[in-house]
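Q: Please take a close look at one part of this model. Keep it brisk, and explain each term as you go.

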Amino acid sequence: MAAATNNNSDKTGLAGDKRAAAPRQSALSTSATAMKKSILENLLTFQGRDPERSGSTDVYKALAYAVRDIMVKKWIATQKSYYKAGEKRVYYLSLEFLIGRSLVSSMINLGIFEAAKEALAELGYDMDRISDEEEDAGLGNGGLGRLAACFMDSIATLKIPAYGYGIRYEYGLFTQRLVDGYQVESPDNWLQYGTPWEFERRMPVFPVQFYGNVISELDKNGNYRARWVNTQHVMAVPCDMLVPGYDNDHVINMRLWTAKASRELDLGFFGQGDYIGAVQSKVSSETISKVLYPPDHNLAGQELRLRQQYFFVAATFQDILRRYRKTNREFANFPNAVAVQLNDTHPAIAIPELMRILLDIEGLSWEKSWDICVHTFAYTNHTLMPEALERWSVDLMGRVLPRHLQIIYEINQRFLESVAQEFPGDMNKLRDMSLIEEGEVKRVRMAHLAVIGSHSINGVAALHSELLKTRLFPDFYRMYPERFNNKTNGITPRRWLLQANPPLAELICDTIGDAWVTHLDELRQLEPYTEDAAFRARWRQIKQQNKDRLAAYIHKTIKVEVNPQTLFDVQVKRIHEYKRQLLNALNVIYLYQSMLRNPDHVFAPRTVVFAGKAAPSYWRAKLIIKLINSLGEVINNDPRINGMLKVVFLPNYTVSQAEIIIPAADLSEQISTAGTEASGTGNMKFALNGALTIGTLDGANIEIREEVGEENIFIFGMTAEEVAFEKLNPSRTPENICQVNPAIREVMDSLAQGAFSHGDKKLFQPLVETLMSPHDQYLLLLDLESYIACQRRARELYLDQEAWTKKSILNVARIGKFSTDRTIRQYSEEIWGIPVE
C-alpha cells in the first residue's frame, strides 16, 4: 500500500518523528499486525475506501476507528464494573472540555502507540503526518476547559467512577487569522467532516423545557405543588466521547449534548400553511449547541448563553436520574450515590433544577429537597474577576425559566432569614449576600447561588482560595467556614510531557524509570543529575531539538525566520489586560531601545513568542495583538540589531500548537497582576518541560516558587496585598515613574509618537492613555521597573548555559506536586467521599 496524491494532501512532519515510544509498551496487548488489519478493514468496510487509493485523511480516520474499537470494549467493561460494585458516581459539569486532539493521547494511554506506528509504517505512512490530519476539538476555550480535559484523564487513570457532562458544540470559539496585524475571526467548523471519536446515541434522548408559565395547585395530600406549563421543548441528544486511563484498561466517557428540534418540523406551522415558520422553529431550537460562547453583549446573546447552560444541566440531570433509578426508589440515598461538581458558575442553574425535580416531580418537601441539594453539589470557583461571576437579569430568567426564578426567590428568602439571624440588624449584609442584586436592573447572582447550594466551595490555588474567603465571599465564609477549601490545579503528565515532549520523557525514563508517568513526584530523583555534565548536555540537546522544531513551525506558519539558538521567551494564553501581555510588549520596546543605545553591550539574543485569542468584542485586547505584531514588523526588519531580537505572534492558538511551543520555551511568562489570576496551568506545563518561570506572586506561581525554590524562579512585582493597598493609597503615579526613569519615559514616548505605527499617533493612544492613567487597575507601569530588572537577571543567567541548565532540571524535578492525579485524588477523597486506591 502506498500513499496516494490524488485525493488527500499528505502533511509533512516538521522535524522528524516528534513522538518517541511511550513507557510500558514493550509487551503490547495489540500487535502491529492486528492494528494493520483493523486499519485496512475500517478503510474498506466502514469508510468504503479502496486501501490502495486512500490518502492520509482516510488512513487517519481508519486508525481512529481502530483505536475507538479498542476503547469501547474497555468502556463497556468499566461501566459494568460500576453497576456491579454499586459505587457512588461523580458527575463533572463543565461548559468546556478543551481536549485538543485525541488520537495520540488515546494510543499512549492504551499502550498501543508503537504498534500503531509500526502498522502505519508497513502501510507506507508516517505517524506524524497521519496524526496531523486530526482537527483540534472545538469544545473549549481557555484554562477552564483545558483543566477539565486534564481532569478527565486523571479520573480515568485513578479509576474513579465518573462522567464528564457538557455540550457538543458544532462550532468552536473561532479560528483566528491575522490581517495587517489585526485579529480577524472566522468560524471554527471543526466538525465540518465529522469526527471519528464520538458515538451519537439515539437513546436516551431527553426533552428540555423553556419559557411558558407556572400554575399552582394542591396535590392529593393537600400540599402546594407547582406545574411548569405551556413550554417550548428542545430535545437533548447525547454524544459520548471516550477517555482511556493510563495503562489500566479503564475507560470513562464525556457525554456531550446536541440540541435537536422536538420534532423535525413543527406541524402546527404546516397547518397554518407556514413552511418558513416551521423551518425557523427548527433552526432556533438547534442553535443552542451550535457555537461555543455566543457573544453576550446583547440580549439575544445573553439569552442563548442562559439557554445553553440550562439545556445541558437539564439533560444531564435527567440522565443522572435515569441511572440512579435503576437501583434506587427513594431519594434519601441520593447524595450517597451521586456527587455533582460544578466547574465554575456556568452550571449553577443545576441547583434550582434539582430542587424543581425533587419538589414538583418527586413531591418531596422543601426541607428534604434542600438538604439533598446541598449534600449533592460542590462548587469550584475559577475567577476573582467580579465581571466574570455570572449575573442574569431577573426579567430574562423569569421569561426563559420562570419556575427556576420562583425557586431562586424562595431559596433567597429562606437564606436571608438565616443571614438576619447571623448578622442581626445589618441591612448591608442582607443586601450584599442576597441572591438578587438590586438596582436599575435586578440580577440573579449565580455565584452566590452556587455557594449556598453546595457543601464544598473550593479555589484552585492557595492564594486564590484565601482571596475567596477574604475578598470575594467573606460573609459567606463567616457563615459556612467548613465549606471552603483549596484544591490547587494541576496538569496531566501524560499529555504535557509524555506526549508533548517525547525526547525529554525518554531521557527521564532512561534515567529514573517510568513511575513518574502516574506518580509525578518521582521526578525528584532527577535532582542529583544536575551535577552530571553528560546529563546536562543531553538535556540541552533535547531543548535545542524542540527549539529547532518550533523555529521551523514559526517559519511555516508566519514566514518569519527566527534563530533557534536564541533565548525563547514565551507568553501564550488568552489575551486579556490582567494577564498583561502589554507589560511584556513594553519590555520588548525597552530591550529594542537598549540594543540601539548600546550596540557594543553583550545581550542574550532573544525570540519573544506570543499566542492567544482575544474575545471578539474585547477591542482593547485586540489592539494589544495589533501592537505586538507592529513591534514585530519594526524590530524584525531593523538591520541595526542584526537579529538579536525577534517578536512573533502565532495565530490560532490551540492545544496542538501548545504541544509544539511549550517544550521549546526557555522562559515562561506568568506576569498577571497579583491577585487576579486564580491559578494558571500554563505555568505548570512550562515548568514540567524545563522552562524557567518569570512571574508575579499570583495564582499557582506562589506554590511553584515554594516547590522549585526561590533561587530557581524569577519573581518580580507587587504582592496581592501590596496591589490592594496601592489601589487605595497610591504611592506614585505612572507620570512620576516616567519622570524619574528616562528609559521608561522613552518607551512610552515611542509608543505615543507612533514609532511602531508608521507615525500614526492615534492608533495606540488608547493603550498609552490607560498605561499613563493613575487609575490603571492592572498597574503595569508600577510593576514595569521591577519586571525589567527581573528580565535582566534572566538574560544574564541565560548567558551561563551550565547554570541555566541546572535550574531547568530542578524545575522539572520539583514540579511533581502539580499533577492532576494529585488534584483529583484530593477532590475524590475530600469532596466526593470516594477513596482512591
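A: A crossing is right-handed if the near helix is turned clockwise from the far one by less than a right angle, and left-handed if anticlockwise. Helix α11 (residues 350-361) passes α12 in just such a right-handed crossing. This is a predicted model, where local features need pLDDT of at least 70, side-chain atom pairs count only at pLDDT 80 or more, and totals for chains, interfaces and linings use all residues. Residues are numbered from 1 along each chain as its sequence is written, and side-chain values use heavy atoms, without hydrogens or water.

Helices (H or I, at least four residues) and strands (E, at least two) are DSSP runs, numbered from the N terminus. The axes of α11 and α12 (residues 366-376) come within 9 Å and cross at roughly 140°. Axes are lines fitted to C-alpha atoms over the stretch in contact, with angles from 0 to 180 degrees between N-to-C directions. The two helices are therefore oblique to each other: neither under 35, nor over 145, nor 65 to 115 degrees.

Which residues meet? Contact means heavy atoms within 4.5 Å. From α11 come Ile351, Leu354, Met355, Leu358 and Leu359. They meet Trp366, Ser369, Trp370, Ile372, Cys373 and Thr376 in α12.

Now turn to strand β22 (residues 692-695). Leu692 and Ile694 are buried (under 20% relative accessible area, 1.4 Å probe, protein chains only) on one side. Thr693 and Gly695 are buried on the other. Strands pair if DSSP finds at least two bridges between them. β21 (residues 667-670) runs parallel to β22, joined by four bridges. There, Ser668 partners Thr693. β22 also pairs with β23 (residues 714-715) in the parallel sense, over two bridges. Gly695 stands opposite Ile715.

Notes:
Buried means under 20% relative accessible area, exposed over 50%, partly exposed in between (1.4 Å probe, protein chains only).
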